[in-house]
Amino acid sequence: MDEMEEELKCPVCGSFFREPIILPCSHNICLACARNILVQTPDAESPQSSRASGSGVSDYDYLDLDKMSLYSEADSGYGSYGGFVSAPTTPCQKSPNGVRVFPPTVPPPAHAQHHLLPHTGILPPVPRNSCLTCPQCHRSLTLDDRGLRGFPKNRVLEGVVDRYQQSKAAALKCQLCEKSPREATVMCEQCDVFYCDPCRLRCHPPRGPLAKHRLVPPAQGRISRRASPRKISTCTEHELENLSMYCVQCKTPVCYQCLEDGKHSTHEVKALGAMWKLHKGQLSQALNVLSDRATEAKEFLVQLRNMVQHIQENGVEFEACLVAQCDALIEALNRRKAQLLSRVTKEHEHKLSVVRDQISHCTVKLRQTTGLMEYCLEVIKENDPSGFLQISDALIRRVHMTENQWGKGSLTPRMTSDFDLTLDSGPLLQTIHQLDFVQMKVPAPPMLQLEECCTQTNSATLSWKQPPLSTIAVEGYILELDDGTGGQFREVYVGTEMICTVDGLHFNSTYKSRVKAFNSSGVGQYSKTLVMQTSEIAWFTFDPASAHPDIILSNDNLTVTCNSYDDRVVMGNTGFSRGVHYWEMTIDRYDNHPDPAIGIARADVMKDVMLGKDDKAWSMYVDNNRSWFMHNNSHTNRTDGGISKGATVGVLLDFSRGILLFLINDEQQGPVAFNTLEGTYYPAISLNRNVQVTLHSGLPIPDFYTLGESEAASSVC
């Protein structure tokens, strides 16, 4: 009951309600608090004149005047409280429970500063033209001559407050102890008084009339007190009359005097007890629904609290994983750093070795060159011509040879001092800057939207979405269907769309479908399997896309003719590969005895020759006297009986037996035309300009064939 405590506190004083009254806006307020927040309007002006003059009232408040017209004799049922007016613009204050209240703009008169008149215990009269503003919805109203007495008292709320305060009491006290009340030991149900043992013996002796009173324990007495009926409420307008009826239109209890005065004479009224039970039942039903919502909210709170714990645990685990991954990256970078430093050290040592070798070699050569030069200078100093000439040629050759050795790049360093190594750290830095969290989980199973999934003839449309709370990235979806006979699933769509229509399914078949999502991390789980039923009967029309250009279609592609004297082919827009199918074509026009050919064909049949001329069609061509079956330009089974205007040609295709047969005017024409038929076939016809036919699809199988007694069926067997 602690949660209910806020409902039992006044929005002005913040304490438990004391003598609560009901405002026309259905909010409650203490009677004394209502007295304290009254605002007195000038006597010289009524609310209407104030509205006209604009003094003391804002335009905005009067714009809301009509919206807040809860008070009127026609719609409120509370009687004449006066019209709603706007509260003067005054600084607002807050009550102890945080609700804004509007204090009076000027100090109230001296007699209004006291809650009760001295020595009387009653409220003083309310000044004329007083205005009261609801502290919760801030709607304002002007009181009439009755003042605050015009508001009905909320006895139910007062009783709830009393019971709540009693339930909060630590121990029930004796109500007759004068100084220090002792703990009560019994309660008299008739006297409705709690007694301690001394007071019971003194004031409630078990003799005389008191001997018939029933004494119960205090706790039981508390319960009986809560359940005891309260005094009957009296009418606010007629204080001596009890409230006994309920005005349905005004939604308020009334007395017989109210009905006689005419204020509610034309309104629908009902017995107060009956409406009391009715509204109690409505409130109980509403509470049951609200209780279910509260139960769901509690379960949801438990779920959220569990989520908090899981989030904390997952956060710690994820942080540890992140630190480990970053430490691994740093370790890998340190290892790479050591490898690069090793390469730099090797390059450094190599350069030093080459330069030192060149220095050593150059030093030796320079020493030899210097020695040769000094030797030649000494030879030049000799004065013996013959001796000089004996060695001069050899010395000259040696000098030239030595000079040539110095001139072949020997004075160019074999190694530069610069290191030709540049660390390419740009991509790595860019990668580090782009380092971010990527989706490492596969997507959650999609949810099929059943309200958008449907079948139409032999097509199925499926729609799905990701779970509302899923944040995992999805790159695409895979839709799978079985073969309609409970076989293995096969992929029929892969892409990013979340709606797909699958055409070309078998009629009268039950398909199972499912979908799954995928991303770079892998493929998620399948959704729940959806079972769909295609149409039992094959409805189709002629297909303009497959028709020869000379073909003319009308009547929503059900009627066909041609503007050429040559035979031209048009097919149906639906292919068959399973089941038993029957359709008819009515001859609307038949001139000059042409030979229309009716039958079935593959999708790639020739369109500019008679149906059956190639190996892609199986047909019966017919004139006014006879018919033939034709496939791959082979004519077989000539049969008497032709067509005329108004005739009907039927086609029966049975995949269970792999046969095709024809009917003219509901009679089978010849034997079974073709057998061992497998694959996908489209209804087809070839005709010229002398013929016009109308297609009738979705027809039931003829009775003679369903009974299995036809000559065609027996010949096949």
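Begin by selecting β32 and strand β33 (residues 667–668), which pair in the antiparallel sense over two bridges; here strands, like helices, are DSSP runs numbered from the N terminus (strands are E, at least two residues, and helices are H or I, at least four), and two strands pair if DSSP finds at least two bridges between them. Within this pairing, the bridge partner of I664 in β33 is E667, and the two strands form a hairpin with two residues between them, where N665 in the turn has a positive phi of about 55 degrees.

Before going on, note that this is a predicted model, in which local features need a pLDDT of at least 70 and side-chain atom pairs count only at pLDDT 80 or more, while totals for chains, interfaces and linings use all residues. Residues are numbered from 1 along each chain as its sequence is written, and side-chain values use heavy atoms, with hydrogens and water left out.

Next, select the whole of strand β32 (residues 659–664), where six of the six residues are buried (under 20% relative accessible area, with exposed meaning over 50% and partly exposed in between, for a 1.4 Å probe and protein chains only), so the strand is largely enclosed by the rest of the structure. Show its side chains: I659, L661 and L663 point one way, whereas L660, F662 and I664 point the other way. In a regular strand the side chains alternate between the two faces of the sheet.

Now add strand β31 (residues 648–654), which runs antiparallel to β32 and is joined to it by six bridges, with G650 standing opposite L663. These two strands also form a hairpin, this one with four residues between them, and G658 in the turn has a positive phi of about 70 degrees.

Move on to the open sheet of six strands, which you can follow in the order β25-β34-β27-β28-β29-β30, with antiparallel pairing. At the edges stand β25 (568–571) and β30 (634–640), each with a single partner strand, so one side of each is left without a neighbour in the sheet. Inside this order, select β28 (residues 617–622) and β29 (residues 626–631), which are joined by five bridges, and find W618, whose bridge partner in β29 is H631.

Finally, colour the protein by pLDDT, the predictor's confidence in each residue, from 0 to 100; the average is 81, and 83% of the residues score at least 70. Among the elements, strand β27 (residues 597–601) has the highest mean, 96, and helix α3 (residues 59–63) the lowest, 35. Where pLDDT is low, the predicted coordinates should not be read in detail.
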